[in-house]
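Trainee: Please take me through one part of this model closely, step by step.

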Amino acid sequence: MQLTQTQIEEYRENGFLFFESLLDQREITCLRKAFQRDCEVPGPQLILEEGRDEARAVYASHHRQPEFAALVRDPRILAPARQLLTDDVYVYQFKINAKPAFGGEKWSWHQDYAAWRIADRLPAPRQINVGLFLDDVDEFNGPVIYIPGSHRTGLVRDDRDASARSAQHLDPDDISLTPQQLAELAQHNGMVSPKGPAGSVVLFSPEIVHGSAPNMSPFPRRLLIATYNDCANLPSWEGEPRPEHVVCRDADPLRPLGSPFLDELGAVAA
Ligand code: HL5
Ligand code: SIN
Ligand code: MN
């Protein structure tokens, strides 16, 4: 898959790009099964909703489940990331934010690069986030809301709260924008929340301001986010680097598969 010049310009202008139904239902069914399986694996990569035994987020599923390991090299996912960034990219972070039905919590307004600069001393915002809907996303189940163009004016905030909401990762709560900062940005730029069927994809900038509301609907909103980083833009490993499930260590350049990820899995199984 090759992005057109118009799509590239739209990404540079708005900070995100939406593709409806990029993956099909068969592929999504397979990824949901893999996610269910991965939720059963105990460990620090599993972050629960407060006071519930349901997942809020699961990290690095591509290290444990072959479906996700193949997916991150699927040409439909990897090629646009390489086109927007550079030929040599690797997976910096992989997470699935599950936002369960009947109360999956919000994700506060933030910019991803603030987290990675503070926590990992990542030199530059040379990343692309690929967000893949594992469920249909509508106005009811807590879609991600973006402030278009907010990636073009740098970091709004460059520090974190002293109190950490989670011991396992940096929760957006810890780096959230103030109401005033958000109001100003939203007044100038508006807000957009891409919605669509499971299998849809949003590419978004590490600097775009985004967040999402709680999910009070009876439908889950599982969102997979693979973050690719430029291989020439490694975080600092000095001191106490964050664990491998949050910041992946394997920075070898990824090459796209020759065909969709299910074909690759079929070939492995055969
Ligand atoms: N949870 C991520 C991390 O790296 C940071 C957030 O959406 C990305 C802000 O710990
Ligand atoms: C995130 O920014 O990682 C969380 C967004 C969401 O899952 O709604
Ligand atoms: Mn984020």
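## Ligand 1, ligand 2 and the largest cavity

Mentor: Start with Tyr59, where a polar side-chain atom lies 2.7 Å from a nitrogen atom of ligand 1. This is a polar contact (a pair of N or O atoms within 3.5 Å). The model is predicted, so local features need pLDDT of at least 70 and side-chain atom pairs count only at pLDDT 80 or more, while totals for chains, interfaces and linings use all residues; side-chain values use heavy atoms, without hydrogens or water. Residues are numbered from 1 along each chain as its sequence is written, and chains are lettered from A and ligands numbered from 1 in the order in which they are written.

Asp112 has a polar side-chain atom 3.0 Å from an oxygen atom of ligand 1. His169 also places a polar side-chain atom 3.0 Å away, this time from a nitrogen atom of ligand 1. On its own, ligand 1 has 310 Å² of accessible area (Shrake-Rupley, 1.4 Å probe), and the protein covers 96% of that.

Which elements give two or more residues to the shell around ligand 1? They are E4 and helix H5 (112-120), named from DSSP runs (at least four residues for a helix, at least two for a strand). H5 gives the largest share of this shell, 3 residues. The residues around ligand 1 (a heavy atom within 4 Å) include Tyr59, Gln93, Lys95, His110, Asp112, Trp116, His169 and Arg242. By class, the shell around ligand 1 holds 6 nonpolar, 3 polar and 3 charged residues; Asp, Glu, Lys and Arg count as charged, and Gly is among the polar ones.

Now turn to ligand 2. Its surroundings are Lys95, Asn97, Trp107, His110, Val144, His210, Ser212, Arg221, Leu223 and Ile225. Lys95 and His110 are thus listed for ligand 2 and also for ligand 1. By class, the shell around ligand 2 has 4 nonpolar, 4 polar and 2 charged residues. Strand E4 (89-97), strand E5 (107-110), strand E9 (210-212) and strand E10 (223-230) each give at least two residues to this shell.

The side chain of Asn97 has an N or O atom 2.9 Å from an oxygen atom of ligand 2. For His210 the distance from a side-chain N or O atom to an oxygen atom of ligand 2 is 2.9 Å, and for Arg221 the corresponding distance is 2.7 Å. Taken alone, ligand 2 exposes 260 Å², and the protein buries 98% of that.

Where does ligand 2 sit? Ligand 2 is in the largest cavity, and the space taken by ligand 1 is the largest cavity too. A cavity is a set of points on a 1 Å grid over the protein atoms alone where a 1.4 Å probe fits but cannot get out, lined by residues with an atom within 4 Å of a point; a molecule sits there if more than half of its atoms lie within 2 Å of the grid points. About 290 Å³ of space lies in the largest cavity, a volume filled by probe spheres set on the points.

The lining of the largest cavity has 25 residues, and Lys95, Asn97, His110, Asp112 and Pro172 are nearest its centre. Of these, Asp112 makes the contact with ligand 1 described above, and Asn97 the one with ligand 2. By class, the lining of the largest cavity divides into 12 nonpolar, 8 polar and 5 charged residues. E4, E5, H5, E9 and E10 each supply at least two of these lining residues.

Methods. Polar contact = N/O pair within 3.5 Å; in protein donor to acceptor, adjacent residues only side chain to side chain. 1 Å grid on protein atoms, 1.4 Å probe; cavity = no way out; pocket = protein on both sides within 12 Å on 5 of 7 lines; lining within 4 Å.
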